[in-house]
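Student: Could we go through this one together? I'd like to know how the labels people use are backed up.

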Amino acid sequence: MSHHTTTPAVLVLEDGRTFAGTAYGAVGATVGEAVFSTGMTGYQETLTDPSYRGQVVVMTSPHVGNTGWNDEDDESSRIHVAGYVLRDPAIRPSSWRSRRSLEEELAAQGIVSIAGIDTRALTRHLRERGAMRVGIFSGEALADEATLLERVQAAPEMAGSALATQVSTTEPYVVEAKGDKRFTVAAIDLGIKTMTPKRLAERGIEVHVLPATSTFEQVMAVGPDGLFFSNGPGDPATAGDQVALLQESLRAGLPYFGICFGNQLFGRALGFGTYKLKYGHRGINQPVFDRTTNKVEVTAHNHGFAVDAPLDEVTQTPFGAAAVSHVCLNDDVVEGLELRSAAGQLLAFSVQYHPEAAAGPHDAAYLFDRFVDLLETTTATTKETQA
């Protein structure tokens with residue numbers, strides 16, 4: 001089915017700017033935080049990434065929908081974006097894996113979207129003014145601009161939003177290790193992507209995925225060699241329980257690896273603050289410098305908050321010495337943290353981007369190996385101590 005609809009739709013930003021286009025996907029009304037993504041591929045992974053909960057994603061790439069929608073690339077059980085904005089939808093999908101069109105899937109899942117607007121102008125507006133609330137209205141939801149603007153301004157702000165518990169699993173589940181099992185890891189699901197436990201399992205790790213509300217006792221009950229915190233949506237300042245769990249685990253000497261939201265919570269656990277970025281980093285082409293290897297990697301990002309840690313000094317914490325390990329080359333945002341013992345041994349680390357990188361790039365896959373190395377050293381040391 002090609003996009004023939006001429007149902008009018010309007011996008012209304014909280015500062016009053018509007019864009020007129022046509023309805024795409026579901027017809028109706030939606031509100032959320034307007035953010036832009038610079039990825040030219042991987043829209044299916046983006047749409048199903050739980051970190052986009054509550055966000056209306058604007059695609060900077062003009063032509064979207066070329067590869068349709070398949071049954072293999074979902075990063076979770078459903079589409080999580082609050083709305084979708086694109087300039088020029090593909091007339092028909094062209095991929096041997098495609099099962100239906102992007103528009104059919106958006107409509108089936110009730111995602112109100114808009115097509116045919118000047119997404120470059122909208123992106124420039126968000127870059128200058130910052131991410132802000134937005135509404136998409138079509139069909140019976142259309143009304144006069146003042147009414148629509150009121151609806152947008154009544155929507156909750158992203159700062160202060162606790163969303164991770166909304167997208168977390170309610171029941172624990174296990175992703176079996178591939179081949180020989182070498183380690184057990186407790187993974188706290190704050191909005192985890194399917195690909196993450198897979199990447200750990202490929203390295204011989206049995207992954208116990210646990211709800212966001214898990215206690216230290218529930219973590220220890222799986223007999224973990226290490227702890228993992230996933231990516232996820234919302235403001236890290238709202239995740240006090242998870243920060244406390246992480247602090248308790250660090251005190252217990254559990255090796256830790258965190259991705260994205262897991263990096264922000266690691267920062268908070270170490271005593272740093274977090275803050276909201278003006279418009280965030282989203283897309284699959286962000287350059288990051290890894291200070292531990294002196295390499296630059298091109299990475300996949302999706303975050304609107306960042307850790308406020310000093311770039312060039314080591315901070316003494318109750319858990320060890322903390323330092324910034326990765327820096328974004330575009331704007332010097334903290335992209336990774338590490339914690340070392342007095343003797344310099346790595347105890348825990350995290351990155352702000354997505355090394356599981358479904359849709360690519362794969363420059364950062366080594367971070368999973370770094371976690372395995374950390375588990376190896378720690379279990380070896382523990383065995384020596386016990387012996």
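**Labels and the values behind them**

Tutor: Sure, and keep in mind that this is a predicted model. Let's start with strand β9 (residues 132-138), which is mostly covered, as 7 of its 7 residues are buried.

Student: What makes strands β1 and β9 a pair?

Tutor: Two strands pair if there are at least two bridges between them. Strand β1 (residues 8-13) and β9 have 5 bridges, in the antiparallel sense, so they pair. One of the residues involved is Leu 13, whose bridge partner in β9 is Val 134.

Student: And how do you know that β3 pairs with β9?

Tutor: Same test: at least two bridges are needed, and β3 (residues 29-37) has 6 with β9, also antiparallel, so that counts as pairing. Here Gly 32 has Val 134 in β9 as its bridge partner.

Student: Which residues does UniProt list for "active site"?

Tutor: The unreviewed UniProt entry lists Cys 260, His 354 and Glu 356. They span 97 residues in sequence, but no two of their C-alpha atoms are more than 11.2 Å apart, so they gather at one spot. From this set, Cys 260 is part of the lining of the second largest cavity.

Student: Why is Cys 260 called buried?

Tutor: Buried means under 20% relative accessible area. Cys 260 has 2%, so the label fits. Cys 260 sits in the loop between β14 (256-259) and α9 (261-269).

Student: What about His 354: buried or exposed?

Tutor: His 354 has a relative accessible area of 2%, so it's buried. His 354 lies in the loop between β20 (346-351) and α10 (366-386), and its contacts include Cys 260, Asp 49 and Lys 193.

How values were computed: Residues are numbered from 1 along each chain as its sequence is written. This is a predicted model: local features need pLDDT of at least 70, side-chain atom pairs count only at pLDDT 80 or more; totals for chains, interfaces and linings use all residues. Side-chain values use heavy atoms; hydrogens and water are left out. UniProt positions are given in the numbering used here, feature names are shortened, and annotations may be inferred rather than shown by experiment. On a 1 Å grid over the protein atoms alone, a cavity is a set of points where a 1.4 Å probe fits but cannot get out, and a pocket is an open set with protein on both sides within 12 Å along at least five of seven lines; lining residues have an atom within 4 Å of a point. Helices (H or I, at least four residues) and strands (E, at least two) are DSSP runs, numbered from the N terminus. Buried means under 20% relative accessible area, exposed over 50%, partly exposed in between (1.4 Å probe, protein chains only). Contact means heavy atoms within 4.5 Å. Lists of a residue's contacts leave out its neighbours within four places in sequence.
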